[in-house]
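The following exercises are to be worked through with the structure at hand. Each task is followed by a solution in steps.

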Amino acid sequence: MHWIAPSVLSADFGCLKQEIECINQSEADLLHVDVMDGVFVPNISFGFPLMKPLKAYSTKPLDVHLMIVHPEKYVERFCDAGAWSVGFHLEAVDDPMPIVRLIRQKHVRTCLTINPDISEERLLPYLDQVDMVLLMSVYAGFGGQSFIPETLNKIRRVRQWIDERHLPTLLEVDGGIHLKNAKEVFDAGADVLVAGSAVFGAKDRQEVIHQMKNC
Ligand code: DX5
Ligand code: ZN
């Protein structure tokens with residue numbers, strides 16, 4: 001599976017509606033929504049108020065990536081705001097399962113995420129409990145960083161675990177994905193590639209998405 005999830009973090013917020021309409025017309029599969037709290041990560045992006053226009057304008061499902069402490073306090077509101085999936089960081093919580101259940105009760109997909117310094121082994125017990133796992137290929141917090149090449153081996157391992165267990169769990173990779181490395185990341189076993197600056201930094205966003213998806 002080759003899915004592309006443009007990250008709205010890199011969009012021009014001065015013309016958000018046009019930016020989203022451009023993605024609507026593209027072959028993108030999801031719209032990735034990066035929520036940062038300035039505590040879990042050293043940056044603040046946006047929160048609930050942006051969900052409204054995103055939900056109103058986007059015909060692509062909203063893939064919400066929470067980079068926040070205490071996700072248990074907020075996941076239900078993101079579900080109610082129309083998220084297709086809600087993801088949070090494993091290293092931000094003591095026990096992810098109660099939060100997974102909160103999201104599941106809302107009939108929304110769950111995604112468990114880890115930063116580059118967290119071992120993929122920690123995802124193993126939850127692989128059959130979530131709909132998607134997200135491997136960060138940069139440290140969460142900012143768009144426009146360079147892909148960390150060591151992530152490729154992590155992707156291969158998690159892909160193997162998913163396949164060996166015949167799980168439907170999707171494998172998403174986020175950070176530093178561009179046309180030049182997209183094929184390598186898909187070949188390593190990713191199902192979904194998040195791309196912020198590669199898409200919104202390009203003149204022809206739809207062409208970049210087309211090429212990434214079909215690489
Ligand atoms: C980083 C975010 C990413 C980011 C990706 O904290 O989680 O989703 O927007 O941006 P690029 O593709 O520019 O690395
Ligand atoms: Zn993200």
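**Exercise 1.** Determine where Gly 189 is found, whether Gly 189 is buried or exposed, and which residues Gly 189 is in contact with beyond its neighbours within four places in sequence.

*Solution.* The model examined here is a predicted one.
Step 1: Gly 189 lies in the loop that runs between α6 and β8 (192–195).
Step 2: The relative accessible area of Gly 189 is 9%. Buried means under 20%, so Gly 189 is buried.
Step 3: With neighbours within four places in sequence left aside, the contacts of Gly 189 are Ile 155, Arg 159 and Leu 171.
Step 4: A further distance concerns Glu 172, which is 17 residues from Gly 189 along the chain; the two C-alpha atoms are 9.3 Å apart.

**Exercise 2.** Establish how the axes of helix α5 and helix α6 are arranged, and which residues make the contact.

*Solution.*
Step 1: Helix α5 comprises residues 151–164 and helix α6 residues 179–188; their axes come within 8 Å and cross at roughly 30 degrees.
Step 2: Angles under 35 degrees count as roughly parallel, and therefore α5 is roughly parallel to α6.
Step 3: On the side of α5, the contact is made by Leu 152, Ile 155, Arg 156 and Arg 159, and on the side of α6 by Glu 184, Val 185 and Ala 188.
Step 4: Sorted by character, the residues of this contact of α5 with α6 comprise 4 nonpolar, no polar and 3 charged.

**Exercise 3.** Identify the residues that coordinate the zinc ion (ligand 2) and state the geometry of the site.

*Solution.*
Step 1: The zinc ion (ligand 2) is coordinated by His 32 through NE2, Asp 34 through OD, His 65 through ND1 and Asp 174 through OD, at 2.0 to 2.2 Å.
Step 2: Along the chain, these donors follow the spacing H-x1-D-x30-H-x108-D.
Step 3: His 32, in strand β2 (residues 31–36), and Asp 174, in strand β7 (residues 170–174), are 142 residues apart, and this pair links distant parts of the chain.
Step 4: The site of the zinc ion (ligand 2) has 6 donor atoms with angles of 71 to 170 degrees among them, and is octahedral. For comparison, the ideal angles for six octahedral donors are 90 or 180 degrees.
Step 5: His 32 has a relative accessible area of 0% and is buried; Asp 174, at 7%, is buried.

**Exercise 4.** State where Asn 115 is found and which residues Asn 115 touches, not counting those up to four places away in sequence.

*Solution.*
Step 1: Asn 115 belongs to the loop between β5 (109–114) and β6 (132–136).
Step 2: Its relative accessibility is 9%, so Asn 115 counts as buried.
Step 3: Residues up to four places away being excluded, Asn 115 touches Phe 40, His 89, Glu 91, Met 136, Val 138, Tyr 139, Ala 140 and Lys 154.

Note on methods. Residues are numbered from 1 along each chain as its sequence is written. Chains are lettered from A and ligands numbered from 1 in the order in which they are written. This is a predicted model: local features need pLDDT of at least 70, side-chain atom pairs count only at pLDDT 80 or more; totals for chains, interfaces and linings use all residues. Side-chain values use heavy atoms; hydrogens and water are left out. Axes are lines fitted to C-alpha atoms, for helices over the stretch in contact, and angles run from 0 to 180 degrees between N-to-C directions. Helices (H or I, at least four residues) and strands (E, at least two) are DSSP runs, numbered from the N terminus. Angles under 35 degrees count as roughly parallel, over 145 as roughly antiparallel, 65 to 115 as roughly perpendicular and the rest as oblique. Contact means heavy atoms within 4.5 Å. Ala, Val, Leu, Ile, Met, Phe, Trp, Tyr, Cys and Pro count as nonpolar, Asp, Glu, Lys and Arg as charged, and the others, Gly among them, as polar. Donors are N, O and S atoms within 2.8 Å of the metal (3.2 Å for Na, K and Ca); water is not among the atoms, so sites may look incomplete. Four donors count as tetrahedral if all angles lie between 85 and 135 degrees; four count as square planar and six as octahedral if opposite donors are over 155 degrees apart and all others between 65 and 115; anything else is irregular. Buried means under 20% relative accessible area, exposed over 50%, partly exposed in between (1.4 Å probe, protein chains only).
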